[in-house]
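Biologist: Could you take me through the model on display, one question at a time, with the cut-offs stated as they come up?

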Amino acid sequence: MNVQILDSKTAIGSAVCGLICDKIREKPDCVLGLATGATPVPTYDALAAAYAQGTVSFRNVRTFNLDEYCDLPKTHKNSFYTFMQAQLFSRVDMNPANIGFLDGNADPAAESARYTAAIEEAGGIDLQLLGIGRNGHIAFNEPADAFSQESFRVALTESTRIANAGYFDDVPMPRYAITMGVGLILRARQLIMIATGESKAAAVKAMLEGPVTPQCPASALQTHPDVLVFLDPAAASLLS
Ligand code: GLP
């Protein structure tokens, strides 16, 4: 894996934005796998700025997001779909028909099959953006006894529910999410993992230097041929 340590979240956002813009220029209808959470926001800010400056167009880009809450209306203020609309899609010339999202209110098995087929129909994901959880989770693949494959419905851990409960003031915090599985994520041609902050240092060490084990889902990236990892010094602080 190619690991780059950059000084700040902004520097990382700018670097990842440059890679995404290069990919879009090379392949205007490229297929991007996108992530939610705080980590990718500097990248989305940089992409919005690049579009505003007229240096990139999302007109023909297709996207697939990693995960979504279950039992929450798609347009609820806290859905991952709403997050992506606010952070990226409404800020660039994305064609709504090209936005791929897991439906947290559909039958999970049918939705999993639909999503896998839709990604295959699009020709596979060219570039998958990833964050990492403090316990080494990617998307909502929590530590487990086996690596997941296709998308599936997962019970959110108490730590995840507690971390996000504050945002849910009008409806109960969801107990489940639907997530792309590790196997499906690894089928992307290129992965870009971003981790920043002290809280991710242990997970980053396990991801890069630990054994490949489903107890640290991110360690599966060691088996992928084309992974770029962007860290700030704090997230890299435990690496040997
Ligand atoms: C959440 C998301 C992941 C995300 C991770 C880290 O659980 N399901 O996709 O990468 O937690 O989030 P953040 O980037 O806010 O630290």
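Biologist: How many disulfides does a search of the whole structure find?

Modeller: Before the count, note that this is a predicted model, in which local features need pLDDT of at least 70 and side-chain atom pairs count only at pLDDT 80 or more, while totals for chains, interfaces and linings use all residues. Residues are numbered from 1 along each chain as its sequence is written, and side-chain values use heavy atoms, with hydrogens and water left out. Taking a disulfide as a pair of cysteine sulfur atoms within 2.5 Å, the search of the whole structure returns a count of 0.

Biologist: Which cysteine sulfur is closest to that of Cys21, and why is there no bond?

Modeller: Cys21 is buried, at 3% relative accessible area, where buried means under 20% relative accessible area, exposed over 50% and partly exposed in between, with a 1.4 Å probe and protein chains only. The closest cysteine sulfur lies 3.9 Å from that of Cys21, which is too far for a bond, and it belongs to Cys17.

Biologist: Which residues of α1 are buried, and what do they pack against?

Modeller: Helices here are DSSP runs of H or I with at least four residues, strands are runs of E with at least two, and both are numbered from the N terminus. In α1 the buried set is Ile12, Gly13, Val16, Cys17, Ile20, Cys21, Lys23 and Ile24. These residues fall within an arc of 165 degrees seen down the helix axis, so they line one face of α1, the arc being that of the directions from the axis to the C-beta atoms. With contact meaning heavy atoms within 4.5 Å, the buried residues of α1 pack against β2, α2, β6, β9 and β10.

Biologist: In the largest nonpolar core, which residues touch the most other members?

Modeller: A nonpolar core is a set of buried Ala, Val, Leu, Ile, Met, Phe, Trp, Tyr and Cys residues joined through side-chain atoms within 4.5 Å, and the largest one has 39 residues. Its largest share, 6 residues, comes from α1. Leaving aside residues up to four places away in sequence, the contacts of Leu32 include Ile20, Ile24, Phe58 and Leu127. The members that touch the most others are Leu32 and Phe58.

Biologist: What span should helix α4 have, and how far apart are its end C-alpha atoms?

Modeller: The expected span of a helix is 1.5 Å times one less than its number of residues. For the 14 residues of α4 (residues 108-121) this should give 20 Å, and the end C-alpha atoms agree with that expectation, being apart by 19 Å.

Biologist: Which residues of α4 are buried, and which are exposed on the other side?

Modeller: The buried residues of α4 are Glu111, Ser112, Tyr115, Thr116 and Ile119. Seen down the axis, they fall within an arc of 130 degrees, so they line one face of the helix, and what covers them includes β3, β5, β8 and α6. Exposed on the other side of α4 are Ala109, Glu120 and Glu121.

Biologist: Is Asp71 buried or exposed?

Modeller: Asp71 sits in the loop between β4 and α3, with a positive phi near 60 degrees although it is not a glycine. Most residues other than glycine have a negative phi. With 54% relative accessibility, Asp71 counts as exposed.

Biologist: And is Ala139 buried or exposed?

Modeller: Ala139 also has a positive phi, near 55 degrees, and lies in the loop between β6 and β7. Its relative accessible area is 11%, and Ala139 is therefore buried.
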